[in-house]
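Q: Can you walk me through this one? I'd like to start with the aromatics and then work outward.

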Amino acid sequence: IWQIDSLSQVANIQLGGQKHGIAVGPQNGLALYEDQDVEIRHNDGEVTTIKRILNSSSRITNLSYFQNEEAFIVIGFVHSGFPLEKYQIQRVEYQKDVASWVVSGSFGEHQSIVRAMILSPDNSTLATGSEDGTIQIWNIQQAELTLRLEGHGSFVEDLKFT
């Protein structure tokens, strides 16, 4: 892992196995994910493993920290028979009272691979972009779709809030 502004290496992480992706948290913790599992590497060196974070047959395709290092927005691929595929969007949070990670909000889904996902700077809105050429805007707290933008001529691969 490299710090871009100083071009210095800040961490050398051995991933072990095949990881599908990585997310950097607000306190620079790391979340590595593959299939249904998430491995969180905290700044203090502690490692937390969450098995089957979505509690279903979903495979994680996208993951982003949400608000703090105890909550994620997770997109999981669900294959329900050819050609039916869904990409479900869920909010997953650590519940201290039960010492467990739970799905605390199920948004909706895309019908094609989600290639882009971004949270607004105030963490109130999630935007997702898909291979089906749609952009969907979500209210995170209510886990509701607020706007669907269609008609893009190609995949939506990048999103930014300004």
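**Aromatic pairs and strands**

A: Sure. Searching the whole structure, which is a predicted model, turns up two aromatic pairs. In one of them, Phe107 and Trp138 have ring centres 5.7 Å apart and planes at 90°, so that pair is edge-to-face.

Q: Which strands do Phe107 and Trp138 lie in?
A: Phe107 is in strand 10 (residues 100-110) and Trp138 is in strand 13, so the pair ties together parts that are 31 residues apart in sequence.

Q: And are Phe107 and Trp138 buried or exposed?
A: Both Phe107 and Trp138 are buried.

Q: OK, zooming out. How many helices and strands are there in the protein?
A: Zero helices and 14 strands. Read from the N terminus, the elements go β-β-β-β-β-β-β-β-β-β-β-β-β-β.

Q: What share of the residues is buried?
A: 40% of the 162 residues count as buried. The accessible surface of the protein is about 9200 Å², and carbon and sulfur atoms make up 47% of that.

Q: What about contacts between residues far along the chain from each other?
A: Take the contacts with a separation of 6 or more: 34% of them are between residues 24 or more positions apart.

Q: Back to strand 13. What sheet is it part of?
A: An open sheet of four strands, in the order 11-12-13-14, with antiparallel pairing. Strand 11 (114-119) and strand 14 (144-149) are the edges, each pairing on one side only. From one strand to the next, the twist averages 20°.

Q: How many bridges join strand 12 to strand 13?
A: Five, between residues 125-130 of strand 12 and residues 135-139 of strand 13. As an example, Thr128 has Gln136 in strand 13 as its bridge partner.

Q: I also spotted a proline around there. Where is Pro121?
A: In the loop between strand 11 and strand 12. Pro121 has a relative accessible area of 76%, and since the cut-off for exposed is over 50%, Pro121 counts as exposed. Its C-alpha is 7.6 Å from the C-alpha of Phe161, although the two residues are 40 apart along the chain.

Q: Let's jump to the N-terminal half. How do the side chains point along strand 3?
A: They alternate along residues 21-24. Gly21 and Ala23 point to one face and are buried, whereas Ile22 and Val24 point to the other face and are not buried.

Q: Why would they alternate?
A: Because in a regular strand, side chains go back and forth between the two faces of the sheet.

Q: What does strand 3 pair with?
A: Strand 4, in the antiparallel sense, over four bridges. Val24 stands opposite Leu30 of strand 4 there.

Q: And strand 4 on to strand 5?
A: Antiparallel too, with five bridges joining residues 30-34 of strand 4 to residues 37-41 of strand 5. Ala31 is across from Ile40 of strand 5. The two strands make a hairpin with two residues between them, and Asp35 takes a positive phi near 45° in that hairpin.

Q: What about strand 5 and strand 6?
A: Those pair in the antiparallel sense as well, over four bridges, with strand 6 covering residues 47-50. Glu39 is opposite Thr49 of strand 6. This hairpin has five residues between its strands, and Gly45 in the turn has a positive phi of about 95°.

Q: Changing topic: is Arg91 buried or exposed?
A: Buried: its relative accessibility is 7%, and the cut-off for buried is under 20%. Arg91 sits in strand 9 (residues 85-95).

Q: What does the side chain of Arg91 reach?
A: The backbone oxygen of Ile140, at 2.3 Å.

Q: Which other residues does Arg91 touch?
A: Leaving out residues up to four places away in sequence, the contacts include Phe66, Phe72, Ile73, Val102 and Val103. Ser104, Gly105, Gln141 and Ala143 are also among them, and so is Phe107. That last one is the buried Phe107 from the start of our chat, whose ring is edge-to-face with the ring of Trp138.

Definitions and conventions:
Residues numbered from 1 in each chain as written. Predicted model: local features only at pLDDT ≥ 70, side-chain atom pairs only at ≥ 80, totals over all residues. Heavy atoms only, no water. Pairing = 2+ DSSP bridges. Axes fitted to C-alpha atoms, helices over the stretch in contact; angles between N-to-C directions. Buried < 20%, exposed > 50% of the residue type's maximum accessible area, 1.4 Å probe, protein only. Polar contact = N/O pair within 3.5 Å; in protein donor to acceptor, adjacent residues only side chain to side chain. Contact = heavy atoms within 4.5 Å. Areas by Shrake-Rupley, 256 points an atom, 1.4 Å probe, with all protein chains shown as cover. Phe/Tyr/Trp six-rings, centres within 6.5 Å; stacked < 30°, edge-to-face > 60°.
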